[in-house]
Amino acid sequence: MRLLCLPKSFSFYFQKVSKQQRIMAQSSGTGSNIEKKLIRIDVTSDSVCPWCFVGKRNLDKAIAQSKDQFDFEIRWHPYFLDPSAPKEGVNKKEYYEKKFGSRAQGIFARMTEIFRNVGLEYDTSGLTGSTLDSHRLIYFAGKQGLEMQHALVEEIYLGYFTQGKFVGDREFLLESARKVGIEGAAEFLENPNNGVKEVNEELEKYSANISGVPNYVINGKHQLSGGQPPEVFLRAFQVAAK
């Protein structure tokens, strides 16, 4: 795996090739579409990581802008920012003030501004704690469809970051599952052992060699990290599709 490196001349080259392809398609007279290349994206994230939500919103925007060029397959994988976070939950604001000290208020203000830039209101109310159950449910959703998994991640982020929901609250997780049409979520979460083995396997496979999230691996070889803007994802898609 290597870090993404984008040649300065690539953007011009891609635009030129794309124009030639459109001309060829129009002149063929067959009306058939050019086969779109598949972009596979493995996203490693934690359900309480604000940059992961910002990155997802920007990724979604980039996908919407390039869906006429590519097909996408997105898989979400777990990460624990705080493996020792309590399962029962603690006051979110107090937790971050204890963790970041005098920097906490500045971080809250900065995240509020960043969230507004992607159309969201950052909410520091409610509880925070262990994200294990959320990762178990995200794994379970993926078994029913990757689009459903992607939609569930959005619902969990929305609840935690903008509505003061507790990421470890069973009812909140089940409500999120119902909204996106996941079947059998209550029965799955009822057994605390369900999905734990799979979450641990994914942690070992996708998190062992990274030090933070969000982390994106595109087509198994190009890696990005952080809450990247849409244009970075767009360039990454073009390079990965070569």
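In which loop is the place of Asn219? In this predicted model, Asn219 lies in the loop that runs between β6 and β7 (222–225). Its phi is near 55°, a positive value in a residue other than glycine. Most residues other than glycine have a negative phi, and most peptide bonds are trans. Asn219 counts as partly exposed because its relative accessibility is 23%, and the cut-off for buried is under 20%.

The chain around this loop can be set out briefly. The protein chain has 10 helices and 7 strands. Of its 242 residues, 44% count as buried. Among contacts in the protein chain with a separation of 6 or more, 78% are accounted for by residues 24 or more positions apart.

On the other side of β6 is the loop between α9 (196–207) and β6, where Pro214 is found. The peptide bond joining Val213 and Pro214 is cis, with omega about 5°. Strand β6 itself covers residues 215–218, and Asn215 is in this strand. Asn215 counts as buried because its relative accessibility is 4%. The side chain of Asn215 makes a polar contact, at 3.2 Å, with the side chain of Gln223. Beyond its neighbours within four places in sequence, Asn215 is in contact with Asp42, Val43, Thr44, Ile210, Gln223, Leu224 and Ser225. One of these, Thr44, has Asn215 as its bridge partner in β6.

That bridge leads to β2. Strands β2 and β6 run antiparallel and are joined by 4 bridges. Strand β2 (residues 37–45) is also joined to strand β3 (residues 70–78), here by 9 bridges, and these two strands run parallel. One residue of the pairing is Ser45, whose bridge partner in β3 is Pro78.

The connection between the parallel strands involves helix α2 (residues 50–66): β2, α2 and β3 make a right-handed β-α-β unit. The helix has 17 residues and reaches 25 Å from its first C-alpha to its last, close to the 24 Å expected at 1.5 Å a residue. Buried residues of α2 include Phe53, Val54, Leu59, Ala62 and Ile63, and also Lys56 and Asn58. The buried residues of this helix pack against β2, β3 and β6, and against the helices α4 (104–117), α6 (146–162) and α10 (230–240).

After α2 the chain enters the loop between α2 and β3, where Lys67 is found. Is Lys67 buried or exposed? Lys67 is exposed, because its relative accessible area is 55%. Apart from neighbours within four places in sequence, Lys67 is in contact with Lys36 and Phe72. Lys36 and Lys67 are 31 residues apart along the chain, and their C-alpha atoms are separated by 8.9 Å.

Which residues touch the most other members of the largest nonpolar core? They are Ile41 and Phe237, in a core of 59 residues. The largest share of this core, 7 residues, comes from α6. Leaving aside neighbours within four places in sequence, Ile41 is in contact with Leu59, Phe72, Glu73, Ile74, Arg75, Tyr216, Val217, Ile218 and Phe237. Among these, Leu59 is one of the buried residues of α2, and Phe72 is also a contact of Lys67.

Notes:
Residues numbered from 1 in each chain as written. Predicted model: local features only at pLDDT ≥ 70, side-chain atom pairs only at ≥ 80, totals over all residues. Heavy atoms only, no water. Buried < 20%, exposed > 50% of the residue type's maximum accessible area, 1.4 Å probe, protein only. Polar contact = N/O pair within 3.5 Å; in protein donor to acceptor, adjacent residues only side chain to side chain. Contact = heavy atoms within 4.5 Å. Pairing = 2+ DSSP bridges. Right-handed = clockwise from strand over helix to strand, strands pointing away. Expected span 1.5 Å × (residues − 1). Core = buried A, V, L, I, M, F, W, Y, C linked by side-chain atoms within 4.5 Å.
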